Amino acid sequence: MSPYRLPDPALEAILGEDTPEGDATTFALGIGDAPGVLEYRARGPMTLCGSEEAARMGQLRDLIIAGPVAAGGSVLDAGQLILRLEGRAADLHAVWKTSQTLMEYLSGIASATAAIVAAARRGNPVTSVACTRKNFPGTKAAAIKAILCGGATPHRLSLSETLLVFAEHRAFLDESPAASLARLRNAWPERRIVVEVGDEAEAALWLDAGADVLQLEKLPVAAVARIAAIAARMPRPPLIAAAGGVNAGNAEDFARAGAGVLVTSSPYFAPPRDVAVTLRPAP
């Protein structure tokens, strides 16, 4: 099931980028009123994302959705039909490339996410994958939908909604870890406090201080395993998150080492998945 659909104003803005003053070629050829059919199919295996947006783009240009639409999050085989649109050639051409490209990029993110999630679950069935806010600026809503379709969750949607203490924050502090945690809990008592550390010594300090979540930045698997073992023996074990360089090739190892969540940006840089398009006159 798709988590949500991008709103119409966003889709209109995307479509408008490609047709600010219409489609010159279709207009000049005089074929705009000819009836046609536009089909989208998976060219190879993929976890799909963006199909609802492609269908809605068609509706916004007075096209008819002919048949079912494959839902975002669906796992497709090569050749599987995603969507069929029918209508005027001018409207089909106005929607074609933009909707195809959106699905290709979002399905690339979703497919890469799904691969990391699958690897993590092989290491530990209850380990989760969270994707950072390091998406290309201006694409957050689409990028978050794609990682949700792939089975991950957002690590943090914005600076406004989480407490995540970096070394760059601590550079401005002159107090003990326990004092920092106490001030944060007093100021935002309903929020869990995440602290990112870069080595085992820092991890020990913040474990002792009582961080709710310890985020281990670029630590090797063996170090994650040692820290996770120490945390597991504590009366109130913190959640251990492995971050930095997490991908489908090492997610299983980090999960098996004891990380309860894997924090990654890598799906946002995944190559697009090809969507094959056929645009033809109506029979």
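A residue is taken as buried when its relative accessible area is under 20%, and by this criterion 43% of the 283 residues of the protein chain count as buried. The model is a predicted one, and its C-alpha trace spans about 75 × 35 × 25 Å along the principal axes. The protein chain contains 10 helices and 13 strands. Among contacts between residues at least 6 apart in sequence, 72% join residues at least 24 apart.

Two domain features are recorded for this chain in an unreviewed UniProt entry. The feature "Quinolinate phosphoribosyl transferase N-terminal" is placed by UniProt at residues 23-107, a span that is 41% helix and 26% strand and whose end C-alpha atoms lie 27 Å apart. The feature "Quinolinate phosphoribosyl transferase C-terminal" is placed by UniProt at residues 109-275; here the composition is 41% helix and 17% strand, and the end C-alpha atoms are 14 Å apart.

Helix α8, which covers residues 200-209, has A203, W206 and L207 as its buried residues. These cover an arc of only 110° around the axis, which puts them on the same side of α8, while A201, L205 and D208 are exposed on the other side. In general, an α-helix has 3.6 residues a turn, so residues three or four places apart point the same way. The buried residues of α8 pack against α6, α7 (177-187), β9 (193-197), β10 and α9. At the N-terminal end of the helix, D199 acts as a cap, with a side-chain oxygen 3.1 Å from the backbone nitrogen of A201, and just after α8 the residue G210 takes a positive phi of about 105°.

The neighbouring element in this packing, α6 (residues 167-170), contains R170, which is buried, with a relative accessible area of 14%. The side chain of R170 makes a polar contact of 3.3 Å with the side chain of E202. Leaving aside residues up to four places away in sequence, R170 touches V165, V195, E196, V197, E202 and W206; W206 is also one of the buried residues of α8.

Helix α9 comprises 12 residues (221-232) and reaches 16 Å from its first C-alpha to its last, close to the 16 Å expected at 1.5 Å a residue. Within this helix, A223, V224, I227, A228 and A231 are buried, and, seen down the axis of α9, these buried residues fall within an arc of 130°, so they line one face of the helix. They pack against α8, β10 (213-217), β11 (239-243) and α10 (251-257). The packing between α8 and α9 thus appears from both sides, since the buried residues of α8 in turn pack against α9, as those of α9 do against α8.

The cysteines were examined for disulfides, which require a pair of sulfur atoms within 2.5 Å, and the count comes to 0. For C131, the closest cysteine sulfur is that of C149, at 12 Å, which is too far for a bond. The residue C149 is likewise in no disulfide, although the nearest cysteine sulfur, that of C49, is 3.7 Å away. Both residues lie in the buried class, C131 at 0% relative accessibility and C149 at 9%.

Terms used:
Residues numbered from 1 in each chain as written. Predicted model: local features only at pLDDT ≥ 70, side-chain atom pairs only at ≥ 80, totals over all residues. Heavy atoms only, no water. UniProt positions renumbered as here; feature names shortened; annotations may be inferred. Helix = DSSP H or I, 4+ residues; strand = E, 2+ residues; numbered from the N terminus. Buried < 20%, exposed > 50% of the residue type's maximum accessible area, 1.4 Å probe, protein only. Polar contact = N/O pair within 3.5 Å; in protein donor to acceptor, adjacent residues only side chain to side chain. Contact = heavy atoms within 4.5 Å. Expected span 1.5 Å × (residues − 1). Arc of directions from axis to C-beta.
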